[in-house]
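Me: I have a structure in front of me and would like to work through parts of it by question and answer. Where should we begin?

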Amino acid sequence: MLSLKVLLFCYVVPFCTAATVLPDTTRTGAEYLALAQASENQEAPVQAIKHYKLARQQLQHEQDYLNVVYALTQLADLHLSDEATQPKAVAYLDTAQIVLNQHVPDNDTLSALVFTAKANLALAQRKHYEAIEHYQQSLVRKRVFYGENHLEVARDLEEIGNVYLYNLQSPYESERFHQQVLSIREQFSDQGRLLANCYYHLSFANRLRGDYDKALSYAFKVEQGYKNLPEVDHFNLLNANGLLGTIYHDMDSIDKALYYNRKAIEIGGKIPKANLSMHYNNQAGYFFKKQAYDSSIYYARLAVDKQANLESLSISYQFLGNAYRGKGQMKASFANYRESQDLKKVIYGNYHAQLSFLYIDIGKAFDAIQSPDSALYYYQLGLENARTSRQQSEVFTTAIRTEDDLGAMEEALTRLTSILMKQYRKTSNTSYLNIALPYFELFDQLVDVWRADFSTEGANLILSSNHKTTYEQAVSAGYHLYQTNPSDSLLRWVFHFTEKSKAMVLLESIRQAERDQQLLPDSLVQRYQSLRTQLAYYQSELTEAEPQSAQMSEWQRQRADVLREIETLDQQVEVNYPNYYTITSEDFTISLDTLQKHLVSGQSAVSYFWGNSAVYALLVTPDTVKVHRTENTGRLKKLVGQYQDVLANDNISAPSYANFLQFQESAHQLYQTLLAPVLPDEDTEHLIIMADGELTKVPFESFITSTVETAPNDIRYQDLPYLIKTYEFSYELSASVAFRNRQRRKVGQKGEFGVAAFGIKNFENIPGHERYPRLGDAEEEVNYVQEKFPQAQIFLNESATEEAFKQQAVNADILHVATHGMVDLENPFDSKFIFYPTSEEDGSFYLYELYNMSLETQLLLLGTCESGVGKYYAGEGSYSLARNFVYAGCQSVVMSLWKINDYLTMKTIEKLYDQLAEQSATATALRNAKLDFIEDGRFAHPQCWAGLVLLGNTDVQFPLPYDLTYAAVALAVIVILSLIVFMRLRRSDYKRVLPNINRQHV
């Protein structure tokens, strides 16, 4: 496809590159244009200018005004690079506009060419918004002339996106344009290089947005796109590897960053006259991250020596300042920062996003020499320059917008809050805390903007993990202010930031599913579910793949294709369902007031925040709120470890007295530390625990309120004052997840109460069966379910297939699973349940497959070991086997925190179903089952009963089983009929006696 410039030229003048050179007096305008273009191709700008000037004169004489305008725009382009000659470019374009208006006013293609030239001039003058305006004018005219889906339209869209991305550092705006470019270019078959370029822009944009997960997938797509070109393109391969390096750097994978950037430099060595200053700068930055300061200085000086442009030079001096700061050579550090600042102000002026990170780095230097006031000043400057969407006086009063430099804002806010908290700890002056509060609020708003925008679970997990430390400081600030000046608003503050540090990825997934169900047709919901399942599958495969392997690259590229499908689907939804994007995550995290309102009498919730330096406990009842802080996290972690040692190592058949004493010590100390300081004075019957960190591994009901003195070797677990003797217990991933999940509860939508039970005793006929030990009591568990609920559909051994599970699970009110659950603590996306395979399913039900299911299950009972544990992600929680069932819609899950003896599991389940069949609430039923174990004495050891816990809704009750219901009805009918007969007989006797009485009266 010809470009617009060539099209204009060919449209008017038949052009031949091999034209005969004639004497000057006999050359035509077309021939001068040919000579000018040939000079440009030979990189002879002086000759090109000369020939364009002659062409202009001759064409004007020939009254060929179309090509007069063309020649003037070319002359303007040739005068852009030198600031001294830019006034000439302005003059040429002014003249071109006059000619256009006077002689060819209605020519859209020519008008577009002039606006494009004006945009190029504005870019050279760093007037970026003016450049965008000119490109927009060009775009309007091209759409009129070519239509919407033309490559010339794509060209202008790409230019606008590039200005937003590379000049204004506005990745959100840029992505909007580059997505349109991609949609157009995908319709043509010969766009390999240009498609790769487009993925490059999208990768770069997602990197700036902080969505490294998506950026990485697109970057591998870019690399493969350039490799697949008919001819090797070293320049683009250089950029592709450099891009991979920057993404890995931002992900803190510095060795990978150095690997790919080194590859880029090696490729650059094959390109004549290639300027590698940017890649030298990158290498300097990566070595700085590794604290290899001398290597950092070496590469930064290499970049300085190249002196590619002022922008690159300013970055080199900034990196030199960082490296010298790392070495403690502060005089050299500040000198280089001044050089960088002077250059940046020349380039960008006194106020620009490009100054943000420089000011932040200067603030770090002042922080290093313990000058907190100066550090604060520069951190604030960094924040002000990052907020490009508002005036300097509106740092806190204006909502964060996507055109702000969010990455610089994050760094500035993190540094500001950190130094203010440090100053408080040093001085105990609460004014530092009050100054910090609006910065914490702004930081929280920033994270919300990011979270709503990220499309992958991996990106949101990184987000949660990276920002938990700042949330801990926010909780700390609110707590300490509350100690000096108690107020409800500060309790709300502590609750808010505690809540924002738990299960936010899951909450966002629930929000997404809820929004889909409300506003989209089933076909689109199913498509989204399918694509999210595919994303999770590729994430699982990527976690298992070898780094820098061909297989890893292939998974990344396939993942990029799925991401592209999601983005295309998003664009369709935005057009066809405009209300879809009006539902945001605002207020999706519930408030303290909302939680209190929905707690019923006798319920208390305790929410924990496990930080690096302290653990916070927040008790919430319908009427009161308490907050407590425990500083020694190391001691608390040791207590949890001691508690777990007893449960892991003790022999319940012959328990150790030493372990008995150790259990008492740890269980009592955990109670004293975690619950005693906040337990309410008023009557509480039910405790809802929202654990965090190490606390997700322990059942609070096994804590004891005091130790019991016994004679040596007198082990009496049954006599210990366990909390379960006083309270019912249940657990939630977070208050917001609990609240939102309960809102999704589907009540009274089905006429039939469904029960489905799956159990596998023998795994001999399942591939890989040697890894799956026999589950001796699985059949008894499943049969017992049917005994208590005769309507239950049961699937045993070979009939317990993955296919049957997927069909039955969606309609079951009670779902029982007694098979092996394989928890992958390194790659939670690879965790799975084992069923029998069929021709349709392989028998491995991976957790990510739940993204494609919508369940109505009121109670899920997982009879598999360790179903309540999984890989722990800071700021999110444990990725257990139970977690994804909550996402799919399960109201409550009975899960295990450790490996439990099959017989004991079966007995617990029997007792639980006995209670459920009598219409006990789930929490009550589970508590009664555990109390039976304790009272029995033989199984009072907490290893026997404490491991099964209830996650989720506690008040779920089930109707009587059908046979019991019918029996009750029949009995009622018999009683009623008997009463009727009895009353009739009594009435008959009365009538026989009454006349005699009357007669006697007479």
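Reply: Begin with a cut-off: a residue is buried under 20% relative accessible area, exposed over 50%, and partly exposed in between. D932 has a relative accessible area of 33%, so D932 is partly exposed. Keep in mind that this is a predicted model.

Me: Which residue meets the side chain of D932 in a salt bridge?
Reply: D932 lies in helix α35 (residues 922–936), and its partner lies in helix α34 (residues 902–917), so the pair ties together parts that are 21 residues apart in sequence. The partner is partly exposed, at 26% relative accessibility. The N to O distance is 4.0 Å, and the partner is K911.

Me: How many salt bridges does a search of the whole structure find?
Reply: One of them is between R193 and D233, whose closest N and O atoms are 2.1 Å apart. R193 lies in helix α10 (residues 192–209) and D233 in the loop between α11 (212–227) and α12 (234–250), so this pair ties together parts that are 40 residues apart in sequence. The search of the whole structure finds 44.

Me: Is D233 buried or exposed?
Reply: Its partner R193 has a relative accessible area of 36%, which makes R193 partly exposed. The cut-off for buried is under 20%. D233 has 14% relative accessibility, so it counts as buried.

Me: In the salt bridge of E631 and R629, which residue is exposed?
Reply: The two side chains meet at 2.8 Å, N to O. R629 has a relative accessible area of 16%, so R629 is buried. The other has 57%, so the exposed residue is E631.

Me: Why is strand β1 (residues 603–610) described as largely enclosed by the rest of the structure?
Reply: On one side Q603, A605, S607 and F609 are buried, and on the other S604, V606, Y608 and W610 are buried too. Both faces of β1 are therefore covered. The strand is largely enclosed because the number of its residues that are buried is eight of the eight.

Me: Which strand runs parallel to β1?
Reply: β1 pairs with β2 (residues 615–620) in the antiparallel sense over six bridges, and a hairpin of four residues joins those two. In the parallel case, Q603 stands opposite H686. Five bridges join β1 to this parallel strand, which is β4.

Me: What charge does the surface patch that includes E682 have?
Reply: E682 lies in the loop between α29 (657–675) and β4 (686–690). At 37% relative accessibility, E682 counts as partly exposed. It gathers with D623, D681, D683 and E685 in a patch whose charge is negative.

Notes:
Residues numbered from 1 in each chain as written. Predicted model: local features only at pLDDT ≥ 70, side-chain atom pairs only at ≥ 80, totals over all residues. Heavy atoms only, no water. Patch = residues over 30% accessible without salt bridge, like charges linked within 9 Å, V, L, I, M, F, W, Y side chains within 5 Å. Areas by Shrake-Rupley, 256 points an atom, 1.4 Å probe, with all protein chains shown as cover. Lys, Arg positive; Asp, Glu negative; His and termini not counted. Charge placed at Lys NZ, Arg CZ, Asp CG, Glu CD. Buried < 20%, exposed > 50% of the residue type's maximum accessible area, 1.4 Å probe, protein only. Pairing = 2+ DSSP bridges.
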